[in-house]
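Please look over the model below before reading on. The report takes it up by topic.

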Amino acid sequence: MVVLVDVEREKRIAAEAAAELVEDGMRVGLGTGSTVAYLLPALAGRGLDLVCVATSSRTEELGRDLGLNVVRFDSLDELDIAIDGADQIAPDGWLVKGGGAAHTREKIVLAAADRFVVIADSTKAVDALSPPIPLELMSFGLEATLRHVAPARRRDVPPSPDGGVIADYVGPVENPADLAVWLASVPGVIEHGLFPPELVAEIVVGRGAEIHRRSLR
Ligand code: A5P
């Protein structure tokens, strides 16, 4: 039997549910991607007094166009909440992010937040994480770094706003914690797209017409 998933509806209802978690006066981290594209109008529509930081210029522009107060992330040292999508969500809360190449800024913003809420459609929930794992690499010594993190391939996208080269590790992902430690140890790797459960406060997934929520702390 073929089950058709209305992915757009699932993204929208997850994003709208997360927008309700934001309270007046909060400092909010805004993620990047097609699920966050539903969050921004839902948040703007609430008319709250917020200070927001964006994880990409796409989110910054969209947020400002919708009337959100988006400031540079150099004037705040912590955030109350951050809301972002994910490419893969494992049962134990490990995430893969960076399909949109924004994982370095996302990790910085999410790590600064008191509470990181993941929003996703049901296709993002997986039994186990699998490649590709996004990477941001220094352009200096790029070929040597790619060789070190092999098997890896450079992605055909522009550099990050911080000048990093976007690539993907395509080898096995047996233990995400071990892989994360190894990737972070390679000289030339600026950041990888494995996000540990310790960073995550809540996962909100749209499944059909329902919202499934899971608190990790
Ligand atoms: C951006 O680099 C990513 O981490 C996104 O947050 C992730 O790819 C989810 O994107 P979608 O909401 O478009 O699936």
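What follows covers two helices, one pocket, some backbone details and a few single residues.

## Helix α6

This is a predicted model. Helix α6 spans residues 176-185. Its buried residues are Pro176, Leu179, Ala180 and Leu183. Viewed down the axis of α6, these buried residues fall within an arc of 100°, so they line one face of the helix. An α-helix has 3.6 residues a turn, so residues three or four places apart point the same way.

The face of α6 turned away from the buried side carries exposed residues, Asp178 and Val181. Strands help to cover the buried residues: the cover includes β7 (133-137), β9 (165-169), β10 (189-192) and β11 (194-195). At the start of α6, Asn175 comes into play. A side-chain oxygen of Asn175 reaches to within 2.9 Å of the backbone nitrogen of Ala177.

## Helix α2

Helix α2 runs over residues 36-44. Val36, Leu39, Leu40, Ala42 and Leu43 are buried there. Their cover includes two helices, α1 (7-19) and α3. It also includes the strands β1 (27-30), β3 (79-84) and β6.

Val36 of α2 can be set against Ala184, a residue of helix α6. Ala184 and Val36 are 148 residues apart in sequence. In space, their C-alpha atoms are 27 Å apart. Is Ala184 buried or exposed? The cut-off for exposed is over 50% relative accessible area. Ala184 has 53% relative accessibility, so Ala184 counts as exposed.

## The largest pocket

The largest pocket holds about 290 Å³ of space. It is lined by 15 residues. Closest to the pocket centre are Ala54, Glu60, Arg72, Phe73 and Arg105. By class, the lining has six nonpolar residues, four polar residues and five charged residues.

Which elements each supply at least two residues of this lining? They are β2 (51-54), α3 (57-65) and α4 (103-111). Helix α4 gives the most, with four residues. Helix α3 thus appears twice in this report: α3 supplies part of the pocket lining, and α3 is also among the elements that cover the buried residues of α2.

## Lys107 in helix α4

Lys107 is found in helix α4. Is this lysine buried or exposed? The cut-off for buried is under 20% relative accessible area. Lys107 has 13%, so Lys107 is buried.

Neighbours within four places in sequence are left aside here. Beyond them, Lys107 is in contact with Glu191, His192, Leu194, Phe195 and Leu199. Strands β10 (189-192) and β11 (194-195), for their part, are included in the cover of the buried residues of α6.

## Backbone details

Two cis peptide bonds deserve a look. One joins Pro131 and Pro132, with omega about 5°. Pro132 is found in the loop between β6 (113-121) and β7. The other runs from Ala150 to Pro151, with omega near 0°. Pro151 lies in the loop between α5 (142-148) and β8 (152-154).

Ala101 is a further case. Its phi is near 70°, a positive value in a residue other than glycine. Ala101 lies in the loop between β5 (95-96) and α4. Its relative accessibility is 17%, so Ala101 counts as buried.

Methods
Residues numbered from 1 in each chain as written. Predicted model: local features only at pLDDT ≥ 70, side-chain atom pairs only at ≥ 80, totals over all residues. Heavy atoms only, no water. Buried < 20%, exposed > 50% of the residue type's maximum accessible area, 1.4 Å probe, protein only. Arc of directions from axis to C-beta. Contact = heavy atoms within 4.5 Å. Polar contact = N/O pair within 3.5 Å; in protein donor to acceptor, adjacent residues only side chain to side chain. 1 Å grid on protein atoms, 1.4 Å probe; cavity = no way out; pocket = protein on both sides within 12 Å on 5 of 7 lines; lining within 4 Å. Points joined across faces, edges and corners; volume = space filled by probe spheres on them. Nonpolar A, V, L, I, M, F, W, Y, C, P; charged D, E, K, R; others polar.
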